[in-house]
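Thanks, everyone, for making the time. I would like to walk through the charged pairs first and then turn to the nonpolar packing, so please have the model open as I go.

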Amino acid sequence: MDIAALIGTVLGLGFILAGQALEGGNIGQLLQITAAFIVVGGTAGAVFLSFPIEDFKTAGHCILVVYGLAAKPPKFEALIEEIIGYAQKARKEGVIVLEKEAKNASHPLLKLGLEAVADGADPTLVKDMMETQLTQIQEKIMAGAKVLESAGGYSPTLGIIGAVLGLIQVMQNLSDPSKLGAGIAVAFVATIYGLVVANLFTIPYSTRAKRKYAQIFTSMELMIEGILSIQAGESPALIERKLECYIVDKKPSKGNEA
C-alpha cells in the first residue's frame, strides 16, 4: 500500500468535508444521488465512448498502481545484481548458457533479451526487439493514463450539465416553493461532484500512475543496456558501473566519501 497516496486521498476529502462543517453544513447535504448519476454516469459514458474497453481496463490497473496494489516499484540494486550474474556466467561458459538462465529471469523483457543473445541474434535486432516491447508497454500504460485524464476533463463539464438540469427544475417549479430546494441542491452539488472527481481523483491518479511507471520504464531501459553489454562481451565490473548510473539516489561508497 502506498501510504502517501492514501494520505493524499484522505486529506483531500477530509478537508473538503471539514470546510463544509465549518460553514455549518453536514455530509448529508452533499449526498445527492441525482447529481452522482449525472456526473459519474455521464463521465463513465463519455469515457466508454472515447476509448476501447482495453484502455478502460488499463486505467483501472493504473488506479491500483497509484495505491501500490499493483506494479511494485523496481529494485534497481537487485536487478543489477541479477544482470551481473548473467554476465559472469556468459563470460565463463559462453552466451549459450543464457538460454537456460532465461527460464528463471525476473522479467519478460530480460527473458526475451537473454534468449535472443543465446540464439546468436544480431545486436541491432536484439536492441530493436527489446525496445519494441518496451514501446508497446509504454503506449498501453499511457493510453490508460489518458483515460483518467480525459475523465478529469469530462467530469467538470458533466457537473455543469447537472447544474443546468437542476436549475431547469427550479425554473419549472417556481410556483411550488417546496420543490425549489431540491432543484437548487442538485444544481450546486453536481458542480461540486464534477470538480472533485476531476481534481481529487482522476487527474491526480493519472499523474501519479505516470510517475510510478516512469521508474518501471527506466528499469526496463536498464535491462536493455545490460543485455546489450553482455552480448558485447563487456566485463561484469564494467557492466555494473554502467548500470549503477541508473540509480539516482545511489549512496557513495566509503572510499568515495569526503
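Let me begin with Lys242, which forms a salt bridge with Glu225, the closest N and O atoms lying 2.9 Å apart. This pair links distant parts of the chain, since Lys242 sits in helix α9 (residues 236–244) and Glu225 in helix α8 (residues 180–231), with their positions 17 residues apart in the numbering. I should say at once that what you are looking at is a predicted model.

As for how accessible the two partners are, Lys242 has a relative accessible area of 25% and is therefore partly exposed, and Glu225, with 27%, is likewise partly exposed. Lys242 also meets the side chain of Glu234 in a salt bridge, at 3.1 Å from N to O, and Glu234 is itself partly exposed, with a relative accessible area of 24%. Elsewhere, salt bridges that share partners join Asp2, Arg208 and Lys212 into one network.

How many salt bridges does the structure hold? There are 7, and one of them pairs Glu101 with Lys89, the closest N and O atoms being 3.0 Å apart. Here too distant parts of the chain are linked, with Glu101 in helix α5 (residues 98–101) and Lys89 in helix α4 (residues 76–93), 12 residues apart. Is Glu101 buried or exposed? Its relative accessibility is 13%, and because the cut-off for buried is under 20%, Glu101 counts as buried, whereas Lys89, at 35%, counts as partly exposed.

Let me now turn to the nonpolar side chains. In general terms, nonpolar side chains in soluble globular proteins tend to be buried together. In this model the largest nonpolar core has 49 residues, and those with the most contacts inside it are Ile83, Leu98, Leu110 and Ile230. Two or more residues are given to this core by each of α3 (53–66), α4, α6 (108–118), α7 (123–172), α8 and α9, and the largest share, 11 residues, comes from α8.

If you would pick out Leu98 on your screens, you will find that, leaving aside residues up to four places away in sequence, Leu98 touches Tyr86, Ala90, Leu114, Val117, Ala118 and Ile230. Finally, there is a second, separate core of 5 residues, among them Val39, Val189, Ala190 and Tyr193.

Key:
Residues are numbered from 1 along each chain as its sequence is written. This is a predicted model: local features need pLDDT of at least 70, side-chain atom pairs count only at pLDDT 80 or more; totals for chains, interfaces and linings use all residues. Side-chain values use heavy atoms; hydrogens and water are left out. A salt bridge is a side-chain nitrogen of Lys or Arg within 4 Å of a carboxyl oxygen of Asp or Glu. Helices (H or I, at least four residues) and strands (E, at least two) are DSSP runs, numbered from the N terminus. Buried means under 20% relative accessible area, exposed over 50%, partly exposed in between (1.4 Å probe, protein chains only). A nonpolar core is a set of buried Ala, Val, Leu, Ile, Met, Phe, Trp, Tyr and Cys residues joined through side-chain atoms within 4.5 Å. Contact means heavy atoms within 4.5 Å.
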